[in-house]
Amino acid sequence: MRTTKKNIQLLIISLYLPYIFINTSFAVQEKTPIPPIDTEASCITVACHDNMGKKKYTHGVGVNGKHCIKCHKVVQKGDHSFNLPALAVETCSQCHSGQYIAPTDIEGTPPVIMEGADVFEEGNETVFHKPFVEGKCTECHDAHESDYYLHLKGNYPGLFYATFSPETYTLCYKCHKDFENVLTEPRTLDATGFRNGNLNLHFRHVNQKKGRTCKACHHPHGSENPKLIRDNFMFGARRLAVNFKKTDTGGGCAPSCHMPLKYDRYEPTDIMMLTTARPGRDATDSELRESRQLDLKKLKEKKKKLKEEAARKESLEQENKE
Ligand code: HEC
Ligand code: HEC
Ligand code: HEC
Ligand code: HEC
Ligand code: HEC
């Protein structure tokens, strides 16, 4: 446990050390005249930043007028000009890491960030969500406040079940733009890998009155399984295992929600369990063959791109050494 936490800390630190000194700065656009900096005073007054701290979910330090400088360093003494870290994780990891103990003057104990695993899959995939491992915490969490759970930047239900609507998962759509379609098409041969033949299993799990949320299966920071699939999840007060196994053409899981089931994109397995009607028709054999060809082509292109990216990075490092 300890070592895992340490590993992710080290990972984050080693990846981002080079950026630490690259800071952008911003000057707060205020009504003139700009008040002089008084480090004892709160930044939230009627004259200054008085609109902060009014949203539904607040990050204590982010809306406490006396703690702004935890993240925004003064550029020049007496000048109303502050540093904005180029990379959010530098500021977040001051408090959110495995071993951190909250300073006594800030209310609450900061929750630790989820430990990612130190197990990597073969190939170029990692078990961390790309924006997380890149340290872009504020792509998802507002550093100050927002109207969404955990001051996220879009909607993301905090519970296991949620009634589906087009607005339920706007946080994830920010980057996964095509997911809006994934969640509204009951049948698909290409929109998602989570399908049995053309039966869209994302749709079946999520798009319901009592739909399971992403959280039921994924952790948005990282996990020990491919595709950010959780090892286990909380169902009420009970912790249940997922037992996810990925294969080249599909996967399977043995959660406590239903009997162990497998899915396959090109040779659909018989899923005898029928909870609700399955709209649409099953794909024909030739449609399935075609979709396999298409997926293979996409995979090849993705691998090529990753290879090119790696080569580019290597030559850049080489140049830097010289
Ligand atoms: C100076 C310490 C400090 C820094 C820096 C800090 N946090 Fe926090 N954070 C806390 C504390 C304390 C809490 C718990 C009380 C609260 O919500 O204010 C918290 C709570 C949170 C929560 C809510 C967790 C929950 O379960 O309610 C999230 C999400 C979060 N922080 C993200 C971030 C991100 C992202 C950054 C960087 C932009 C960051 N924090 C920087 C101290 C900090
Ligand atoms: C936990 C770290 C953290 C704390 C504490 C914090 N900020 Fe920020 N602030 C950020 C980050 C990171 C950004 C960059 C915007 C982003 O990435 O979302 C930012 C951006 C800003 C901006 C630029 C406009 C904007 O919203 O993007 C202003 C103004 C600002 N903060 C004011 C404040 C004030 C005033 C306080 C104290 C009440 C404060 N901040 C406390 C992290 C913090
Ligand atoms: C892709 C979006 C995304 C990114 C990037 C991200 N988070 Fe989160 N974070 C979430 C979501 C969603 C949750 C809620 C998880 C849940 O309830 O299952 C969460 C939960 C949290 C929590 C609450 C405690 C916990 O583990 O459940 C903290 C603290 C936190 N994040 C901090 C961070 C920090 C620090 C970073 C950057 C290193 C970061 N997050 C990057 C989406 C993100
Ligand atoms: C800030 C942008 C961003 C947001 C927001 C975001 N993602 Fe991602 N996500 C990415 C990127 C980039 C990838 C990597 C895509 C790739 O490698 O093809 C990814 C990949 C994934 C993967 C596949 C991981 C793998 O190993 O192939 C899953 C699952 C995922 N995201 C779930 C989510 C969920 C759930 C949410 C909402 C909480 C979310 N994402 C929000 C950027 C984001
Ligand atoms: C019942 C479990 C389950 C739920 C709920 C779930 N997913 Fe998935 N998801 C999976 C599985 C399993 C995969 C891996 C599919 C494969 O490649 O075999 C996956 C893959 C993904 C991917 C990678 C691309 C793809 O479609 O194959 C993304 C992105 C993703 N999920 C996002 C989400 C988002 C966003 C939500 C919530 C709206 C969500 N998932 C809800 C199980 C789930």
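Which residues come nearest to ligand 3? Of the 23 residues around ligand 3, the nearest are Cys92, Pro131, Cys137, Cys140 and Pro220. A residue counts as near a molecule if its C-beta atom, placed from the backbone, lies within 6 Å of it.

This is a predicted model, in which local features need pLDDT of at least 70, side-chain atom pairs count only at pLDDT 80 or more, and totals for chains, interfaces and linings use all residues. Residues are numbered from 1 along each chain as its sequence is written, while chains are lettered from A and ligands numbered from 1 in the order in which they are written.

**The chain**

The chain has seven helices and 13 strands. Helices (H or I, at least four residues) and strands (E, at least two) are DSSP runs, numbered from the N terminus. Of the 322 residues, 17% are buried. Buried means 20 or more other C-beta atoms within 10 Å of the residue's own; exposed means 12 or fewer; partly exposed lies in between. Among contacts with a separation of 6 or more, 48% join residues 24 or more positions apart. A contact needs two C-beta atoms, placed from the backbone, within 7 Å.

**Ligand shells**

The table sorts each shell by class. Ala, Val, Leu, Ile, Met, Phe, Trp, Tyr, Cys and Pro count as nonpolar; Asp, Glu, Lys and Arg count as charged; the others, Gly among them, count as polar.

| Ligand | Nonpolar residues | Polar residues | Charged residues |
|---|---|---|---|
| Ligand 1 | 12 nonpolar | eight polar | one charged |
| Ligand 2 | 12 nonpolar | eight polar | two charged |
| Ligand 3 | 13 nonpolar | seven polar | three charged |

Ligand 1 has 21 residues around it, and Gly60, Cys92, Cys95, Gly108 and Pro110 come nearest. Ligand 2 is surrounded by 22 residues, the closest being Cys43, Cys68, Cys71, Thr138 and Ala143. At ligand 3, helix 2 (88-92) and helix 3 (130-133) each supply at least two residues of the shell.

**Core and helix 4**

The largest nonpolar core has 13 residues. Such a core is a set of buried Ala, Val, Leu, Ile, Met, Phe, Trp, Tyr and Cys residues joined through C-beta atoms within 7 Å. Cys137, Tyr156, Tyr169, Leu171 and Cys217 have the most contacts inside it. Beyond four places in sequence, Tyr169 contacts Asn155, Tyr156 and Cys214.

Cys172 sits in helix 4 (residues 170-173). Is Cys172 buried or partly exposed? Cys172 is partly exposed, because 19 other C-beta atoms lie within 10 Å. Cys172 touches Tyr156, Phe179 and Cys214, again leaving out residues up to four places away. Asn155 is 17 residues from Cys172 in sequence, and their C-alpha atoms are 8.2 Å apart.

**Positive phi**

Most residues other than glycine have a negative phi. Leu150 has a positive phi of about 55° although it is not a glycine. Leu150 is in the loop between strand 4 (145-146) and strand 5 (161-162). With 14 C-beta neighbours inside 10 Å, Leu150 is partly exposed. His151 also has a positive phi, of about 40°, and lies in the loop between strand 4 and strand 5. His151 is buried, because 20 other C-beta atoms lie within 10 Å.

**A hairpin**

Strand 9 (residues 232-235) and strand 10 (residues 238-241) pair in the antiparallel sense over four bridges. Pairing requires at least two DSSP bridges. Asn232 stands opposite Ala241 in strand 10. Two residues lie between the strands of this hairpin, where Gly236 takes a positive phi near 65°.
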